[in-house]
Amino acid sequence: MNCDYRLSIVICAIDETYSLRRTYEKLRYYNGASEYLFVLAKTCTDDCLKTVEEICENENCRYIFQPDKGFGDAIRASFEDVNGTHMVVWSADEATDIASFPEMLRLSKENPDKIIKISRWLRKDGFEGYGRIKKMINWVSQRVFGILYHSKLTEFTNPTQIAPVSVYRSIRWERKGFEFLPEMVLKPLKLGIEFIEVPTKNVVREEGRSHNTIKGWLLYYFIIMKIRFTKKEELLKKSIK
């Protein structure tokens with residue numbers, strides 16, 4: 001295990017309150033992070049901001065506001081701000097089962113050079129709350145992406161993953177909306193970073209609503225195809241090539 005291993009947990013929020021607090025408390029229970037960073041949308045609600053301020057009042061955490069708009073922009077803002085050697089972005093709406101976190105953390109400490117990510121397809125009950133048609137579309141899409149990238153990964157569009165911060169900082173990122181999610185998985189994958197998947201399940205949210213749109217979903221396919229046919233050296237920042 002890397003003796004210098006330090007995990008930063010990033011939580012992006014816009015209108016969550018009690019689910020945001022519960023997410024933080026559940027993650028903190030496992031005592032696996034060296035810091036917690038909240039990234040707030042410029043348009044976050046007053047109640048959301050108040051919740052984060054209350055959490056950070058006496059805890060080992062801090063918050064920043066994202067510079068632009070879009071979920072991807074919020075995540076990208078965290079890459080240069082975290083202090084850890086590794087980081088994970090966790091959903092504030094409790095849509096991902098936090099019970100998978102301890103296994104992710106264990107595997108990341110044992111394999112610090114690899115990316116440890118979740119997959120709902122590794123569990124029979126991984127898609128709680130998903131309709132049959134939506135689940136089928138997701139299954140077909142993941143199989144197609146696997147063929148395109150010659151990869152045995154079972155899920156390419158959910159970047160809940162513990163990764164070395166150095167990997168994220170070396171990549172030339174493009175998107176700022178929800179289409180950044182597959183970019184976050186596929187660029188490291190194409191660059192040859194090894195992944196390990198951990199079973200998890202989707203949990204029906206109790207608070208807030210999805211801010212993704214049909215346009216956002218369609219952009220997933222655009223960025224997935226674009227990365228597939230981009231040269232590896234063009235995925236890296238100029239100073240890294």
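**Exercise 1. Cysteines and disulfides**

Starting from Cys 56, which counts as buried at 14% relative accessibility, determine how many disulfides a search of the whole structure finds, and explain why Cys 12 has no bond to the closest cysteine sulfur.

*Solution.* The model is a predicted one, and the steps below are read from its atoms. First, the relative accessible area of Cys 56 is 14%, and this residue is classed as buried because the limit for that class is under 20%. Second, Cys 12 is likewise assigned to the buried class, with a relative accessible area of 8%. Third, the cysteine sulfur closest to that of Cys 12 belongs to Cys 48 and lies 11 Å away, which is too far for a bond, since a disulfide requires sulfur atoms within 2.5 Å. Finally, the search over the whole structure returns zero disulfides.

**Exercise 2. An aromatic pair and its cluster**

Classify the geometry of the aromatic pair formed by Tyr 29 and Tyr 30, and state which residues ring pairs link with them into a cluster.

*Solution.* A pair of aromatic rings is described by two quantities, the distance of the centres and the angle of the planes. For Tyr 29 and Tyr 30, the centres are 5.3 Å apart and the planes meet at 75 degrees, so the pair is edge-to-face, the class for angles over 60 degrees. As to their surroundings, Tyr 29 is exposed, with a relative accessible area of 67%, whereas Tyr 30 is partly exposed at 32%. Ring pairs then join Tyr 29 and Tyr 30 with Trp 90 and Phe 101 in a cluster, and the structure as a whole contains 16 aromatic pairs.

**Exercise 3. The second largest pocket and helix 5**

Describe the second largest pocket by its volume and its lining, and then follow helix 5 from Asn 138 to Leu 148.

*Solution.* The second largest pocket holds about 250 Å³ of space. Its lining consists of 13 residues, and those nearest the centre are Ile 137, Asn 138, Ser 141, Trp 217 and Tyr 221. Two elements, helix 5 and helix 8 (214-228), each give two or more residues to this lining, and helix 5 gives the most, with six. By character, the lining residues divide into eight nonpolar, four polar and one charged.

Asn 138 sits in helix 5 (residues 132-148) and is buried, its relative accessible area being 11%. Beyond residues up to four places away in sequence, Asn 138 touches Arg 120, Trp 121 and Phe 127. Leu 148 is also found in helix 5; leaving aside neighbours within four places in sequence, Leu 148 is in contact with Ile 224, Met 225 and Arg 228. Leu 148 and Trp 217 are 69 residues apart in sequence, and their C-alpha atoms are 18 Å apart in space.

**Exercise 4. Positive phi outside glycine**

Locate Glu 94 and His 150 in the fold, and decide whether each is buried or exposed.

*Solution.* Glu 94 has a positive phi of about 65 degrees although it is not a glycine. Glu 94 belongs to the loop between strand 4 (86-91) and helix 4 (101-110), and with a relative accessible area of 12% this residue is buried. His 150, which is not a glycine either, has a positive phi of about 50 degrees. The place of His 150 is the loop between helix 5 and strand 6 (161-164), where His 150 counts as exposed at 68% relative accessibility.

Terms used:
Residues numbered from 1 in each chain as written. Predicted model: local features only at pLDDT ≥ 70, side-chain atom pairs only at ≥ 80, totals over all residues. Heavy atoms only, no water. Helix = DSSP H or I, 4+ residues; strand = E, 2+ residues; numbered from the N terminus. Buried < 20%, exposed > 50% of the residue type's maximum accessible area, 1.4 Å probe, protein only. Contact = heavy atoms within 4.5 Å. 1 Å grid on protein atoms, 1.4 Å probe; cavity = no way out; pocket = protein on both sides within 12 Å on 5 of 7 lines; lining within 4 Å. Points joined across faces, edges and corners; volume = space filled by probe spheres on them. Nonpolar A, V, L, I, M, F, W, Y, C, P; charged D, E, K, R; others polar. Phe/Tyr/Trp six-rings, centres within 6.5 Å; stacked < 30°, edge-to-face > 60°.
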